[in-house]
Structure formats: C-alpha cells, structure tokens
Amino acid sequence: MSNNSKTQDGTGYKNRWVQLILGIVCMAMVANLQYGWTLFVGPINLAHPDWTKAAIQATFAMFIITETWLVPFEGMIVDKFGPRPVVAVGAILAAISWVLNSQATTLNMFYVAAVCGGVGAGCVYGTCVGNALKWFPDRRGLAAGLTAAGFGAGAALTVIPIANMIHTDGYQATFHFFGIFQGAVIFVLALLLVRPVVPAGLKIVSRQTLAKFSMTTGQMMKTPLFWLIYVLFVCVAMGGVMATAQLKPIGNDWGLSHSMVSMFGMTLPALTMALSIDSLCNGFTRPLCGFISDRIGRENTMFIVFTGEAIALVGLYHFGHSVFGFMFFAAMIFACWGEIFSIFPAMAGDTFGSKNATGNAGALYTAKGTAALAVPWASWMASGGASHSKVMGSAHWGTVFYLAAALCFGAALIAKFVLQNYRQKFIEQGNARFNATAADVSAEKADNLVAA
C-alpha cells in the first residue's frame, strides 16, 4: 500500500479496520432487540393471559418493519451528516425501547416501544453496514459479512444472561437493565465513528463484475433488476425471520420447554442453549459466505445456501421433536439465512455502484421488513388458522415450514439460472455507457485544450 493510501486509511481509531470493529460492536449491542425477543414472548403471555400470541408477536413485526423500511432515509441522513449522530440517536432510541417494554402494561405500549426500537436499530444497522461497504470496496462481501455478524452473533453473548435474569428477576427488570446497558455502549462507540474514506491503491480481490457507474436510490428502484433481487431477499428472509420470532414457541408446542442439555461444560434448558448456538451460527455464516461469494460469485453462493435453508426448514419440521434434532436443524436454518445480510448488501454495491451504497443497500434491506409480515401470520396458522383451533401443533406448523422451504428453494433456482445472467448483462451494459460517456468527456476536454 502506498504512503498516500496509508494516510487516507487513517491511524488510531480512524483506521478503516478499527472503524469496522466499532461497527461490529455496535451491531452486537443492538442485536438483542431482535434476537432476544423470543425469550420474552412466553413470560409476557403468562403475565397477560388475555393477550394472544399473535397479538404479542405483532410487536415483533412492527419492530422489523420500522427497523428496515426507514433505513433508506436514515442512509440519506448518514450521507449528509456522517455516521456519528445517526448511531448516537439510534443508541438513545434502542435504550428507550426496552425501558418502555419494562413499564408496558398494554399492547399499545409494547407497540410504541417496538417502533422506537425499530427506528433505533435501523439507525445503527444501516449506518454500520453502509460504512463497511464504503470503507472496503475491495472486500465488500467480507466487510458486510463481518459487520452483519455482529448483529447475528451479538445476541449469543447475552442470550444466556438474559434468559437467567428473566427467570430470577422477571422480564420487566431484564428489559430495563439490558436496555440501558446496550444503549449506553452504542452511544459511547458512536462518538468514535468517522466518515468513510476510500484508501488509494486498493487491490480488488472480488471476482465479481463491478459497476463503474453509480445510481441513486431512486434510479435503482426504477430498474426491474432491483425488484427481482428484492423478491429473492423477501423469499429467503421469510423463513429466517419466522424462525427467529417463533423458535421458542415452536419448541414449547413440541414439548421441549422442560428439556435440559449439557454442552460446553454447561447444563441449560434446551431452548436457551439452542438460541445461543443459533446466534453463533447466524453470525459466523455472514462473513464466511461473504468471503466465499467474493470468490465464487454471489449467485453461486446464494444457490448453495438458499437450498440449505430449504432443507433445514423441512428437517426441523420432521425431526425437530427431539432435542438434538431441534438444535441441529434450528442451527442450520440460522446458518443458512444469515448470509443474506452479507451477500445482498455486497450485491447492491457491485451492481448499482459505490457512491450511494448506504442508501441503496438500505432500500434493499427493507425486504426484511416485508418478510416480517409473515410472523403474525405464522402464529395465526400455528394456532389453527381459519379453524380457530386452540391447540397449537405440528400439523399447523407444517403449512408454515413447507411454504417457507418452497420459497427458499425457488429463490435458489432463480438466483442461479435467472439473476446471474441478468445482472451480468445489466452491469456490462451500464459500464459500456459509462465508458462511452467518459470518452466523450475526455474528447471534449481535449478539443477545448486545442482550441485554447
């Protein structure tokens, strides 16, 4: 790396690798707003037996929707004012969300808290992923994967303490303590974030065909290619988001709530152990798949992993009634769906350019919010759907799992046999227009010099 690139890369906390680590830790601290939620559903339902699980899970859907659908607008604010104020506001809102949860006595109060938490989490998530894409144009898949890994694996560090505190002190005290703790850590780290600066002289290790041009978010959303990618995101995210929100209720319905498991020198409830392992798998697969996709191609990686998620969903339904079957296939679901949060942002940067990567990746990320609409539906179906049965059981969960698996496998086929060629041609045609425009501008400058 040249001296100039070293200067641009920065030293101390302004170094791009340090900035990446700061973003990862921020993501880890906000992760429990999503991945820790399933631990609270049962205790909330016990405290308020007149509330249905579907009504309680609407809180989760509201959180995901506000977390994702506002990210493009938060990305525009980041581009104008930098990452620091946006993440700081996100920290405050994240803390307020769980403090409100600790005081909530009505569903409406939980819904308000979910909106606060969703906006806060979106501020942190969108900013940190966008920064990674801009700091690391040479390793987009890996950088986005490492950042998203903080969100996936972060909950693994605290899911056991949260579960233990719910058991000993109640869910209200747990919401209050962890809300303040997580918000405070994010706020302090936000003060160290700086605007991304692309180092000079970088060697691109990705084998992707990269866009030389840059589209605005509005221009991108007018292309059919964006909506094809968006639909694939929704299809795969649906199974993962459903599993994230419903994992503990599913385990309870299948009679696993009182099962204990001894692993890693610890004996814990099977569902708590499963959540810890799932979060680790979900986090680990993000940088791994990002790294792999940099080398074998985004669509090739998508085909392999999306197919894996389809198999895992069917496997959990058929073999998840045993403790170890449940733990294995749940972990496989989390491992396979986590990669969408590294590959899709990297694909957005590759396909639509670097300049507006934060806003463009944010627009694509709203697909997660669209997928979250399936969470209340899954609870409704599992409770008997139109039959209004009061007994939740595997017969009703089967509809949910088979539909999610079919969507994942369909997405795998479309990614490999439709998206791959379509996206390649889109980038090549855009680069050809960009090169022609650049040549015309250069010729005009040369003519002006001669005339002068």
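**Notebook: salt bridges, helix packing and one loop glycine**

I looked up Asp294 before anything else: with 0% relative accessibility, this residue counts as buried. I note here that the model is predicted.

**Entry: the partner of Asp294**

I searched for the basic partner and found Arg298, which forms a salt bridge with Asp294 with the closest N and O atoms 2.8 Å apart. I then checked the accessibility of Arg298, which is also 0%, so Arg298 counts as buried under the 20% cut-off.

**Entry: Arg423 and Glu299**

I examined the side chains of Arg423 and Glu299 and found that they meet in a salt bridge, at 2.7 Å from N to O. Arg423 belongs to helix H19 (residues 394-451) and Glu299 to helix H14 (residues 298-319), so this pair ties together parts that are 124 residues apart in sequence. I recorded both Arg423 and Glu299 as buried. I next followed shared partners: salt bridges join Arg140, Asp294, Arg298 and Asp350 into one network.

**Entry: Lys368 and Glu67**

I asked how many salt bridges the rule yields, and the count comes to seven. One of them I inspected further: Lys368 forms a salt bridge with Glu67, and their closest N and O atoms are 3.3 Å apart. Lys368 sits in helix H17 (residues 357-372) and Glu67 in helix H5 (residues 53-69), so the pair ties together parts that are 301 residues apart in sequence. Lys368 and Glu67 are both buried.

**Entry: H5 against H8**

Since Glu67 lies in H5, I turned to the packing of that helix. The axes of H5 and helix H8 (residues 107-135) come within 7 Å and cross at roughly 30°. Angles under 35 degrees count as roughly parallel, and H5 and H8 are therefore roughly parallel to each other. I noted the crossing of H5 past H8 as right-handed. On the H5 side I listed the residues that meet H8, among them Ala55, Ala58, Met62, Phe63 and Glu67. The H8 residues that they meet include Phe110, Tyr111, Ala114, Gly118, Gly122 and Tyr125. Glu67 thus appears both in the salt bridge with Lys368 and in the contact between H5 and H8.

**Entry: H2 against H10**

I looked up a second helix pair. The axes of helix H2 (residues 16-30) and helix H10 (residues 171-190) come within 9 Å, crossing at roughly 160°. That angle makes H2 roughly antiparallel to H10. H2 passes H10 in a left-handed crossing. The contact is made by Leu22, Val25, Cys26, Met29 and Val30 of H2 with Phe181, Gln182, Val185, Ile186 and Leu189 of H10.

**Entry: the length of H7**

I compared the expected and modelled span of helix H7 (residues 83-103). At 1.5 Å a residue, its 21 residues should span 30 Å, and the end C-alpha atoms are 31 Å apart, which agrees. I also listed the buried residues of H7, including Pro83, Val86, Val87, Gly90, Ala94, Trp98 and Asn101.

**Entry: Gly353**

I located Gly353 in the loop between helix H16 (340-352) and H17. Its relative accessible area is 0%, so I entered Gly353 as buried. Leaving aside neighbours within four places in sequence, I found Gly353 in contact with Ala211, Phe213, Ser214 and Ala348. I also took the distance from Gly353 to Pro137: their C-alpha atoms are separated by 9.9 Å, and the two residues are 216 residues apart along the chain.

Methods
Residues numbered from 1 in each chain as written. Predicted model: local features only at pLDDT ≥ 70, side-chain atom pairs only at ≥ 80, totals over all residues. Heavy atoms only, no water. Helix = DSSP H or I, 4+ residues; strand = E, 2+ residues; numbered from the N terminus. Expected span 1.5 Å × (residues − 1). Buried < 20%, exposed > 50% of the residue type's maximum accessible area, 1.4 Å probe, protein only. Salt bridge = Lys/Arg side-chain N within 4 Å of Asp/Glu carboxyl O. Axes fitted to C-alpha atoms, helices over the stretch in contact; angles between N-to-C directions. Parallel < 35°, antiparallel > 145°, perpendicular 65-115°, else oblique. Left-handed = near helix turned anticlockwise from the far one by under 90°. Contact = heavy atoms within 4.5 Å.
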